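Biologist: I would like to learn how to read a model of this kind, beginning with what it means for two residues to touch. Could you take me through the terms one at a time, with a case for each?

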Amino acid sequence: MKYGIWNVHEPDARAVNDLVGAGYAPLAAMVLAARGIRNGMEANHYLDCHAPLPDPFRMTDMDLAAGRVGLAMARGEKIAVFGDYDVDGITATCLLTDFLRRHGADVVSYIPGRLEEGYGLNPIAIRQLHAAGVTLIITVDCGITAVDEALLCRELGMDLVITDHHECKDTLPQAVAVVDPHRPDGGYPHKNLSGVGVAFKLAAALNGDQEAVLRDYADMVCLGTVADVMPLQGENRVFTARGLDMLAHTRRPGIAALMHESGCAPESITATGIGFMLAPRINAAGRMGQVELALELFLTEDPLRAQELASQLCELNRQRQNIESEIYRQAVSMLPSGQPPEAIVLADEGWHQGVVGIVASRIAEEYACPTFLICLDGEHGKASSRSHGGFNLFASLTVLSPLLESYGGHELAAGFTITRQNIPEFRRQICALAAGYYDDDTPRTTLELDCAIPPELLTVPNVDSLQVLEPCGNSCPKPVLAMEHLVLERIFLVGGGRHMRLRLRSGRHVVNAIYFSATPQSASIQPGDLVDVAFTPQINDYRGERTVQMNVLDIRPSCTACCSVEIAGYRALRQDTLSAELAARILPGRAMLATVWRYLSASAGPVQESPLCLCRKIVRWSNKPLSLGQLLTCLDIFRDVGLLELTRQHKDLTIRLTPGPEKADLNQSQTMQRLLQAKES
């Protein structure tokens, strides 16, 4: 089990009937109802890709921004569009640069080097632009926190217009205009625009015809919106749908070349395709310190040059992947032998700052713990970190801030700078914080599922009907379904043993599935198992034959009896806060102890499972109810009397039976004694 908890929603039967009556296919109706959609009118609003776009001048300071930019255009001033090095920032920079140039403005683009300057407006760039004769800087996808930089612009006699989409701080920069939908004094109806979405709004304000600007730039707005994982609702949904239509018939040589080079078929491009195929290649330019290639790709009118640039971006992405693999290999080789630490903190002089964040994410997922990778340069290091299981990185870095030179980020991803000499103490303290956080077995990873369906609903027409949900992404995700009580008939290893194809059966219904980046060992499955499957449905088109296939997200043992994740009593037991009520709830009887012991004894060799997966397997095997807290209590009792050895490695338990005494008295277990005493108190 990848996810400790499956949160399976239950669609309202009346809503499903109303949606079917409104013309939605049964499976689409179930998914919509599970998302709280009650009727056809609500569904049409939720899925609307043609809603009118709000007036850009409803955004605070848009009149000031458009006025100052229009004045600079009329005067022939030199304007700089200052952006960011990710897809959102690159598309925002190119959109506004191209728009202003087409309207006669004298414009230069500037995106700071990720490795040399870092993120956002900075004194080096400001002074360089000033020396080049720039009198107006327009930021896109950055600038909302550039308080000191705005003052420097004033000192140098340069005007600054800020357009951004990030959260505002208490103090806004002193600029001619600060355009950000998150401004607390603003009333713009759509707060979650991307950086390129705000840049589009400025272009629309300057043009006066928002529809005309969208016809010209929907492709760029779509790319940045999807790549920055903006909610695909309201205005963003319109941007994305219109952009996908434009991408299917793009007239922009750079985008056409990139789609061709990356193997994206324009006629079938989706938001998912942008996220997995196009965005990584555009991002590679910034990660690898050659962001100018992506800028030129979007702005060139020369098809031959576009092809060269697209090829270079794809090669940069391959280099990024190779560097990522090498850093991963080095990092894993540096891990201590035996049980991995509660948090992984590694440092090296040769690591690439633009890539370590991806590696940290991969290691955090694989080893189920927060991971911090530090790129050393002399006596200082720059770190990227990724969380696991809800461990709050930003809060932890705040606690350890005396050891850091600077830090920033949020709960799940953060970065910081640190001196080399402070790394050992940082490692010690962050491991202690993580150990405290993980000091119980409560499942922390949750998979949200739209609904459970019977096998007869998994048909080609029904899966085709889910296209009504497109474009899918944040806030309108691809449907995630569950199917329960399937017999796992066959497992085929594919992709050099890295992936699995599965054959599953429910009565007369047979379903094929693909499970990427999983093996029978990692998924803890074998032929003959009765399982529940969480999946996204897809159509497999092979030689003209269209069949339904599951794209598996997780597999868990099926349970016919109750298998509760209840753990409050066990947590209280470990923390010495056990009440009589909680003790009675987790105190195992002789029959329960015998069931757990017989299951462990029947296993060939050590058992290595996540606690919840083991609990579900025991329930499936015995057809008797068992809670997670009761299972862990049983294991502690057996360990107390020497019947087994128990080690924990983050999400997994490793259980080894020992010879032990011939007849162990379980009542002599310290855990059992504490439970009995608490129950009688």
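Modeller: Let us begin with contact, which means that heavy atoms lie within 4.5 Å. Please keep in mind throughout that this is a predicted model. By that rule, and leaving aside residues up to four places away in sequence, Leu493 touches His499, Met500 and Pro520.

Biologist: Where is Leu493 placed, and is Leu493 buried or exposed?

Modeller: Leu493 belongs to strand S14, which covers residues 481–494. Exposed means over 50% relative accessible area, and Leu493 counts as exposed because its relative accessibility is 51%. For a sense of distance across the model, the C-alpha atoms of Leu493 and Ala177 are separated by 58 Å, and these two residues are 316 apart along the chain.

Biologist: How should I read the protein chain as a whole, and what is its radius of gyration?

Modeller: One compares the radius of gyration with the value for a compact globule, which for 681 residues would be near 26 Å; the protein chain has 28 Å, which agrees. Along its principal axes, the C-alpha trace spans about 95 × 65 × 50 Å. The protein chain has 25 helices and 21 strands, and 52% of its 681 residues count as buried. Its accessible surface comes to about 29600 Å², and 50% of that belongs to carbon and sulfur atoms. If we take the contacts between residues at least 6 apart in sequence, 66% of them join residues at least 24 apart.

Biologist: Strands come next; what should I look for in one of them, and how many residues of strand S7 are buried?

Modeller: As a general idea, the side chains in a regular strand alternate between the two faces of the sheet. In the case of S7, residues 344–348, four of the five residues are buried, and the strand is thus mostly covered.

Biologist: Which strand pairs with S7, and in which sense?

Modeller: S7 pairs with strand S8, residues 371–377, in the parallel sense and over five bridges. Within that pairing, Val345 has Phe372 in S8 as its bridge partner. Helix H15, residues 356–367, joins S7 and S8 in making a right-handed β-α-β unit.

Biologist: Phe372 makes me think of aromatic rings; how is a pair of rings described?

Modeller: A pair is described by the distance of the centres and the angle of the planes. The count here comes to nine aromatic pairs. Take the rings of Phe391 and Tyr437, whose centres are 5.6 Å apart and whose planes stand at 75°, so the pair is edge-to-face. This pair links distant parts of the chain, 46 residues apart, since Phe391 is in the loop between strand S9 (380–386) and helix H16 (393–399), while Tyr437 is in helix H17 (residues 423–437). Phe391 is buried, with a relative accessible area of 3%, whereas Tyr437 is partly exposed, with 28%.

Biologist: Which class does the pair of Phe394 and Tyr407 fall into?

Modeller: The centres of those two rings, Phe394 and Tyr407, are 5.5 Å apart and the planes are at 50°, so the pair is tilted. Because Phe394 lies in helix H16 and Tyr407 in strand S10 (residues 406–409), the pair ties together parts that are 13 residues apart in sequence. Phe394 is partly exposed at a relative accessible area of 33%, and Tyr407 is partly exposed at 32%.

Biologist: Which residues form an aromatic cluster with Phe372?

Modeller: Phe416 and Phe426 form one aromatic cluster with Phe372, and Phe372 is also the bridge partner of Val345 that we met in S8.

Conventions. Residues are numbered from 1 along each chain as its sequence is written. This is a predicted model: local features need pLDDT of at least 70, side-chain atom pairs count only at pLDDT 80 or more; totals for chains, interfaces and linings use all residues. Side-chain values use heavy atoms; hydrogens and water are left out. Buried means under 20% relative accessible area, exposed over 50%, partly exposed in between (1.4 Å probe, protein chains only). Helices (H or I, at least four residues) and strands (E, at least two) are DSSP runs, numbered from the N terminus. Two strands pair if DSSP finds at least two bridges between them. A crossover is right-handed if, with the strands pointing away from the viewer, the path from the first strand over the helix to the second runs clockwise. The radius of gyration is taken over C-alpha atoms; the globule rule is 2.2 Å times the number of residues to the power 0.38. Accessible areas come from the Shrake-Rupley method with a 1.4 Å probe; for residues, only the protein chains shown count as cover. Rings of Phe, Tyr and Trp (its six-membered ring) pair if their centres lie within 6.5 Å; planes under 30 degrees apart count as stacked, over 60 as edge-to-face and the rest as tilted.
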